[in-house]
Amino acid sequence: MLFIVRSVAPRLGRQKRYWIRPAHVLQKTKFPAESGLSSVDLRSRSNQYHIEQMADNATARLLGSSSGNDTLVGTRPSTKLPSWRDVQQWVSGEAFYSVQDIRNSFDLAFATKDLNNTPSESEIKDLMKTCLNTYDRTSLAFETNEDGAGSLIDALELFRRRGINLTHIESRPSLLDPTYSFFVSFQGTLQDNNVRELVNDLIRHTKNVTLMGTEEVPWFPRKISDIDVFCHRTLDAGSELKSDHPGFKDQAYRERRKIICENAHRHKFGEPIPKVDYVEDEVKTWGIVFDKLQPLMRKFACKEYNDVIPELHKECGFTRDNIPQLEDISQYLKAKTGYIVRPVSGLLSSRDFLNGLAFKVFFSTQYIRHHSKPLYTPEPDVCHEILGHVPMFANPEFAAFSQEIGLASIGATDDQIRELARVYWFSVEFGQCLEEGERKVYGAGLLSSFGELEYSMSSEPQLREFDPFDAGKQNYPITTYQPLYYVAKSFQDAQERMRVFAQSLKRPFNVRYNNITSSLDVDREIAISTSGVHINQAKSYGN
């Protein structure tokens, strides 16, 4: 259940990149490192004097552990110095070794040493000083000019010629053309002549050379259980109803919703989803909506939606006289596509909702609309979630497409979140697709609203081929039918387009979802900002 629209949140930390100028201009250009540091770089530089102390402390703890004492350098009792192999073993057990850039530095350093040799204390300290210093480093990205086996070798040769030590390297194929993008970190700064010359070399022999700064990004969950942190941060709906809500004056209905919302609010990851014993009025309301939509689904919904309905009927009790339980739905989806359902007590911000999709988590309410107006709801309810969203999340291609949007939202700026929320709106909520040349519907906002479903399939609205670059800039109404719908050629095509769009969103790190650990793998250290408030407006679903 996504709460989308306009955000009036203050802008959070944004990625800082310096687009490198042509080689003939570079000689005359004062880089940011020389002409004045940003506030982030100043903060990093202010920590430089700690490097000496960090190296002293690490060396003391290492030598103290080898002698059975935890002492300071200079007061350490005389003892046999450890071998490089002993140093390597000790370092690998330290907390700082989990920092990828530091780990890469140590691994590279040990690879060049004879591990059987015994270093002096000063050599150990020099190693610590070099590898623990993550500030005197530069990160940049570049693309090769051609797709060939020797492209990386040629690029690495530029680093070797300048005697520059790489601490991290990552490559990925470009989705825009047949080349490769490389992300590298290395020791040295733009104040160093050899680093400047390296950049000149890269500009001459590669393309799109981009200097990457150390940036703060908005907080995001790193493992699936972190979602518990923001599930209670609902913005609207839930047990608090506005005066124009059909159930505002019905005290029994409000108390009922309050109990359901409180159960969802207390839910934690890994626990069974609380069961709701729906009462007669609630089941009757569900049945009215179910009966109204089913004929339209068979006529207008895409094949992927209709194909899964018999399975949902068998596995989850998906019938007109039974409201399926979210726990049954979650277990079913997990077996089909790896998605799970997470109950929430109300509407979430766009950022929180989209972050959940990155972990294959779909947020859903359990309360139902008021029985006095069964074909209208001012907010997403269990009818919208189950009748609109759930069948599509059982399709692997649609599920992968949705996760692409979620992964793109991780650490995104507020402006990027607004773009992604629009893409989500015009696809997962109100998307259409082609099926053997005929338009069909897959968006949950249409599949759960019989009035807009029929309207969307008429000749009245404007239609465009699905393009996330265009959809991300398109505003939309939130209280009327949509004047514009995007039509995807296929889910495969939509997913590829989404990947290209996600790659275009610049951020100072890359992220991958680990299916085994249900966590996100981030390729470099980043600073996390927890500031910012996200406020949106609601969309009415109904006739």
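1. Let's start with two lysines that sit over aromatic rings. In this predicted model, Lys113 lies over the face of Trp84, 4.5 Å from the ring centre. Lys292 lies over the face of Phe450 in turn, and here the figure is 4.7 Å from the ring centre.

2. Rings also meet other rings: the structure holds 27 aromatic pairs. For Phe426 and Tyr486, the ring centres are 5.1 Å apart and the planes stand at 70°, which is over 60 and therefore makes the pair edge-to-face. Phe426 belongs to helix α17 (residues 414-429) and Tyr486 to strand β13, so this pair links distant parts of the chain, 60 residues apart. Phe426 is buried, at a relative accessible area of 1%, and Tyr486 is buried with 1% relative accessibility.

3. Elsewhere, a cluster is linked by ring pairs, with Trp219, Phe230, Tyr339 and Phe491 among its members.

4. Strand β13 leads us to an open sheet of four strands, ordered β11-β10-β13-β12 with mixed pairing. Because β11 (438-441) and β12 (462-465) each have a single partner strand, they stand at the edges, and one side of each is left without a neighbour in the sheet. From one strand to the next, the twist averages 40°.

5. Now look at β12 and β13 (residues 484-488): the two run parallel and are joined by four bridges. Glu465 stands opposite Val487 of β13.

6. Finally, the whole protein: there are 21 helices and 17 strands, and 55% of the 543 residues count as buried. The accessible surface is about 24200 Å², with 49% belonging to carbon and sulfur atoms.

How values were computed
Residues numbered from 1 in each chain as written. Predicted model: local features only at pLDDT ≥ 70, side-chain atom pairs only at ≥ 80, totals over all residues. Heavy atoms only, no water. Pairing = 2+ DSSP bridges. Axes fitted to C-alpha atoms, helices over the stretch in contact; angles between N-to-C directions. Buried < 20%, exposed > 50% of the residue type's maximum accessible area, 1.4 Å probe, protein only. Areas by Shrake-Rupley, 256 points an atom, 1.4 Å probe, with all protein chains shown as cover. Phe/Tyr/Trp six-rings, centres within 6.5 Å; stacked < 30°, edge-to-face > 60°. Lys NZ or Arg CZ within 6 Å of the ring centre and 35° of its normal.
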